[in-house]
Amino acid sequence: MVTLVAVSHFARSVSSRHSTSASRLLLSGPRRHASFGHNPFEFLRAAVNPGLRKQRTSREIDTAKRTQAQDDSQSIFDTVTPEEEKGKHMDEKVVGRTRQSDHHKYSTANFKISHRKLNKIGRQISGKPIDSAILQMNFSEKRVSTRLRNMLVVAKSHATLKGIDPKKMIIAEAWVTKGPRSHKRLEIKGRGKSGIRVHPDARLSVMLKEGKTRAQLLEEERVRKLKRIVSAGLVREDKPLRNPRSMWTW
């Protein structure tokens, strides 16, 4: 009886060993992925292969866009107009728009700055074309230059909507106004005394009008300098002598 039990245990252990070895063989075999197929590199090569793209003509592109527009399946990026065409349309609208006013006034809000410091920047941009003033503020090292640049860009867009030509727009006037000086702080002094420190604030206002362009100003400056040149020709000129000497110098 004891021998039969031992034989049965031995047979069970042998069968379990055979089953585990077979499962190990199955696991140790080559693994296959259903998503990639037999070789994952072939899948990547087919997905990322930079093949040659067929160049379509402009007529085919226009036909495809028209078909997509009719089917309401056009992409949102295809509806965006290029910047050049947008600029042409804006220029046509500005030229064709009736002028509502010949000037536009705009200003910043009251902010913490001395009116003396702000007045220096106002003198810098006064009388310049709007694009030149924006360029000056773009490269200025002053802390307030960013605020003034944003203000000039907004003022230019508002004046364009009024019908003023942006190519002829200049800053006709620029002035500084003191603020209400409402920013006050306690100032501690010696011997138990104290005072009130008032922080200054100011605002800058500009007046935009149509004037002479940069090219016109340069041409006028060139003509003015050429008129000052006096030639040393043989013909006597009707010009007064400047600082004449008392005797001949031969």
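Biologist: What makes strand S6 count as mostly covered?

Modeller: In this predicted model, seven of the 10 residues of S6 are buried. Buried means under 20% relative accessible area, so the description of S6 as mostly covered rests on those seven residues.

Biologist: How do you know that S1 and S6 are paired strands?

Modeller: Pairing requires at least two bridges between two strands. Strand S1 (residues 103–107) and S6 are joined by five bridges, and they run antiparallel; the two strands therefore qualify as a pair. Within S6, Val206 is the residue opposite Tyr106.

Biologist: Why is S2 also called a partner of S6?

Modeller: Two bridges link S2 to S6 in the antiparallel sense. The requirement is at least two, so S2 and S6 count as paired. Here Phe111 stands opposite Ala202 in S6.

Biologist: How many bridges support the pairing of S3 with S6?

Modeller: There are nine, again in the antiparallel sense, and Met169 faces Glu210 of S6.

Biologist: What places the buried residues of helix H5 on the same side?

Modeller: In H5 (residues 115–125), the buried residues are His115, Leu118, Ile121, Gly122 and Ile125. Because these residues cover an arc of only 120° around the axis, they lie on the same side of H5. Arg116, Lys117, Lys120 and Arg123, on the other side of H5, are exposed.

Biologist: Which elements do the buried residues of H5 pack against?

Modeller: They pack against strand S2 (111–112), helix H6 (130–139), helix H7 (145–161), strand S3 (169–178) and strand S6 (201–210). Leu118 offers a detailed view: leaving aside neighbours within four places in sequence, its contacts include Phe111, Leu148, Val176 and Leu204.

Biologist: Which residues have the most contacts inside the largest nonpolar core?

Modeller: They are Leu118, Leu148, Leu152 and Ile171, in a core of 22 residues. H5, H6, H7, S3 and S6 each supply at least two residues of this core, and H7 gives the most, with five.

Biologist: Why is the charged end of Arg147 said to sit over the ring of Phe111?

Modeller: The charged end of Arg147 is 4.2 Å from the centre of the Phe111 ring. The limits are 6 Å from the ring centre and 35 degrees from the ring normal. The distance of 4.2 Å is within 6 Å, and the charge is assigned as sitting over the ring, so the placement also meets the angular limit.

Biologist: How many aromatic pairs does the structure hold?

Modeller: The structure holds zero. A pair would need ring centres within 6.5 Å.

Technical notes:
Residues numbered from 1 in each chain as written. Predicted model: local features only at pLDDT ≥ 70, side-chain atom pairs only at ≥ 80, totals over all residues. Heavy atoms only, no water. Phe/Tyr/Trp six-rings, centres within 6.5 Å; stacked < 30°, edge-to-face > 60°. Buried < 20%, exposed > 50% of the residue type's maximum accessible area, 1.4 Å probe, protein only. Helix = DSSP H or I, 4+ residues; strand = E, 2+ residues; numbered from the N terminus. Arc of directions from axis to C-beta. Contact = heavy atoms within 4.5 Å. Core = buried A, V, L, I, M, F, W, Y, C linked by side-chain atoms within 4.5 Å.
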